[in-house]
Amino acid sequence: MQTLHTVLVANRGEIALRVMRTARRLGLRTVAVFTDLDARAPHVRAADDAVLVPSYLDVDAVVRAAVESGADVVHPGYGFLSERAPFAAALAEAGIALAGPSAEVMRLMGRKDAARDVAVQAGVPVVPTGDDADYPVLVKAAAGGGGKGMRVVRSAAEMDDAVAAARREALAAFGDDTMLVEKYVESGRHVEVQVMADAHGTVLHLGERDCSAQRRHQKVLEESPAPTVDDATRVRLHEAAVALARQVGYTGAGTVEFLLDNATGEFYFLEMNTRLQVEHPVTEAVTGLDLVELQLVVADGRPLPLTQDDVRTDGHAIEARVYAEDAFGGFLPQAGATSIVRWPTDVRVDHALEPNQVVSTAYDPMLGKVVAHGPDREAARQALVRALDDVAILGLTTNAGFLRALVASEAFAENRIDTAWLDRVDLDAEVPRPDDELPRRLCAWVSAMLTAADSGHPFASDGFRLGAPPAPTLVELDRDVVVDRGDDTTGTVDGVPFRQLSAADHVLEAVVDGRRVRAVVNVQPDVVEAAWRGQRFTFTRPDRLAGAAAASDGSIAAPMPGTVLDVRVTAGDVVAEGDVLGVMEAMKMELSLTAPFAGTVTEVDAVAGRQVPLGAILFVVTQEDDA
């Protein structure tokens with residue numbers, strides 16, 4: 001870079017790592033900020049320097065970190081302080097550049113009501129509001145974004161309650177309960193245009209993205225270019241976005257969001273995001289441009305090194321957001337510690353998730369983004385399906401299996417998904433959960449192999465191996481598994497022919513009933529886990545490994561964060577090996593905590609109904625000869 005030497009990344013997780021990759025390529029020194037919770041996080045280890053702050057939202061602390069670390073520029077990523085005008089103003093006062101627009105532009109475009117006025121001045125179509133809007137209408141917060149503070153109102157009788165609920169949510173999220181009332185488009189496409197502008201009068205568009213696959217206003221899949229937009233509408237969208245950015249004096253990367261009405265073909269301005277978007281990788285994939293590099297060029301005060309004619313679109317790209325949530329269980333958020341983490345290697349993956357990493361509810365639940373690019377949409381779609389097949393996250397449940405099923409669905413393949421589709425249709429019918437029959441058979445085979453091997457716990461974190469003597473073996477797991485006496489890699493599961501091809505590094509490849517399959521398998525004290533087609537499956541192990549969920553010293557710890565459901569012993573009780581001491585629920589799965597050996601219960605720190613963290617000691621059993 002011309003004058004920049006050091007960039008402080010005011011963020012965490014995958015976006016911090018992504019910014020650092022570009023900064024490192026450009027020869028810039030990188031500085032991370034982190035909280036106590038993130039002291040050993042991947043973005044901290046990746047940076048050249050790191051500064052502890054009380055919170056990622058602490059403006060004074062982050063600005064002070066930038067000053068003390070000698071940063072020339074701060075990249076805010078997205079979320080946290082990325083659209084906070086006071087943060088932009090504080091950096092300007094400290095003489096530090098921001099990879100983003102000015103504080104005044106943030107203030108103006110950060111409010112939907114003010115941004116709407118700018119759009120009108122720029123001649124950009126806006127959604128009818130107030131008295132001009134017939135029911136149904138959308139009540140939404142004037143401040144903030146992310147789908148918070150929004151309610152669909154279908155009659156006058158619903159209005160008061162909807163406004164009150166939206167105000168409460170908006171006040172809690174943004175500290176501002178100002179509301180807008182707009183026409184609600186029943187069937188629409190969410191189309192947004194990426195803009196990039198410098199301080200020398202250049203305003204470019206970098207094409208558009210379709211983000212219509214949403215659930216409760218939260219994006220799930222994004223793609224570029226928009227597959228259902230005709231050429232004439234595409235030109236109008238691009239022109240409107242550039243006109244808006246020019247009207248407000250925008251600099252840096254921004255996204256102008258529009259709602260395209262399927263019934264009329266008209267589009268309306270929704271809002272402008274004054275930052276880099278989560279979905280920016282699809283734009284980078286089809287244009288070949290590095291948006292972070294362009295942001296830093298602009299922050300350096302230099303003109304953009306390209307013109308509109310230089311912007312070309314090559315092929316199609318689709319991005320899937322992997323979240324810590326149980327999409328097939330009501331989209332409930334998940335937390336816990338990962339055991340195994342595997343990402344596809346032949347597509348772009350932006351993530352900061354590692355094995356044995358604790359995922360908490362303290363931050364956004366997005367764990368990573370999988371981006372596939374192809375010569376056309378169908379090629380990109382099929383590449384994304386294959387990539388999501390290779391996502392294996394064990395230890396906690398994610399939505400990767402749901403994403404795989406959604407991308408593989410007829411509705412997505414045929415471009416039938418609008419902004420309300422995921423909230424409107426029967427998802428069990430349209431996006432069915434992967435069947436558990438095959439993963440169950442794979443896990444039964446693994447469990448049988450371990451029982452037959454009788455060699456403790458061979459599934460250490462640094463390796464996966466299977467072995468068994470050539471003798472018939474029968475285990476439970478609701479399945480009959482028989483191993484061939486002469487060849488311990490062949491046998492049957494429920495009478496179905498089974499042939500193990502390989503088993504290394506937790507990856508089991510086999511031919512089951514003539515079908516070649518591959519899954520990542522992990523054995524824990526009480527369960528066998530498998531990742532197949534992106535989905536995590538867990539099965540209780542009646543055969544149980546020696547020691548169950550207990551340590552050799554007799555202490556029984558919570559194997560993952562969860563809730564104690566039942567306590568069956570008190571201190572002083574005499575128990576036999578395998579007796580159930582208590583039951584807990586974790587990740588919507590009940591786990592029995594059992595005595596590792598015969599002895600006396602000397603400590604009970606479990607209370608029914610109490611939530612416990614991973615590793616909390618709940619019981620201690622002392623052997624008879626030690627008592």
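**Entry 1: the three-stranded sheet**

I started with the open sheet in this predicted model, where three strands run in the order β7-β6-β8 with antiparallel pairing. Which strands stand at the edges? I found β7 (150-153) and β8 (179-183) there; each has a single partner strand, so one side of each is left without a neighbour in the sheet. I also looked up the twist: neighbouring strands are turned by 20 degrees against each other on average, ignoring direction.

**Entry 2: β6 with β8, and a helix**

Next I followed β6, residues 137-141, which pairs with β8 through five bridges in the antiparallel sense. For a handy landmark, I noted K140 opposite L180 in β8. Which helix packs on this sheet? I found α7 (residues 156-174), touching β6, β7 and β8. The direction of α7 makes about 170 degrees with that of β7.

**Entry 3: the nonpolar cores**

Then I turned to the largest nonpolar core and noted 40 residues in it. L221, W343, V370 and L406 have the most contacts inside this core. Several elements give two or more residues to it, among them the strands β11 (218-224), β14 (316-323) and β21 (366-374). Helices contribute as well, including α11 (377-389) and α12 (400-408).

I also checked a second, separate core: it has 32 residues, including L4, A23, L204 and L306.

**Entry 4: around L221**

Last, I picked L221 and asked what it is in contact with, leaving aside neighbours within four places in sequence. My list for L221 reads D210, C211, A213, E319, A320, L403, L406, V407 and F412. I was pleased to meet L406 again, since listed among the residues with the most contacts inside the largest core.

Notes. Residues are numbered from 1 along each chain as its sequence is written. This is a predicted model: local features need pLDDT of at least 70, side-chain atom pairs count only at pLDDT 80 or more; totals for chains, interfaces and linings use all residues. Side-chain values use heavy atoms; hydrogens and water are left out. A nonpolar core is a set of buried Ala, Val, Leu, Ile, Met, Phe, Trp, Tyr and Cys residues joined through side-chain atoms within 4.5 Å. Buried means under 20% relative accessible area, exposed over 50%, partly exposed in between (1.4 Å probe, protein chains only). Helices (H or I, at least four residues) and strands (E, at least two) are DSSP runs, numbered from the N terminus. Contact means heavy atoms within 4.5 Å. Two strands pair if DSSP finds at least two bridges between them. Axes are lines fitted to C-alpha atoms, for helices over the stretch in contact, and angles run from 0 to 180 degrees between N-to-C directions.
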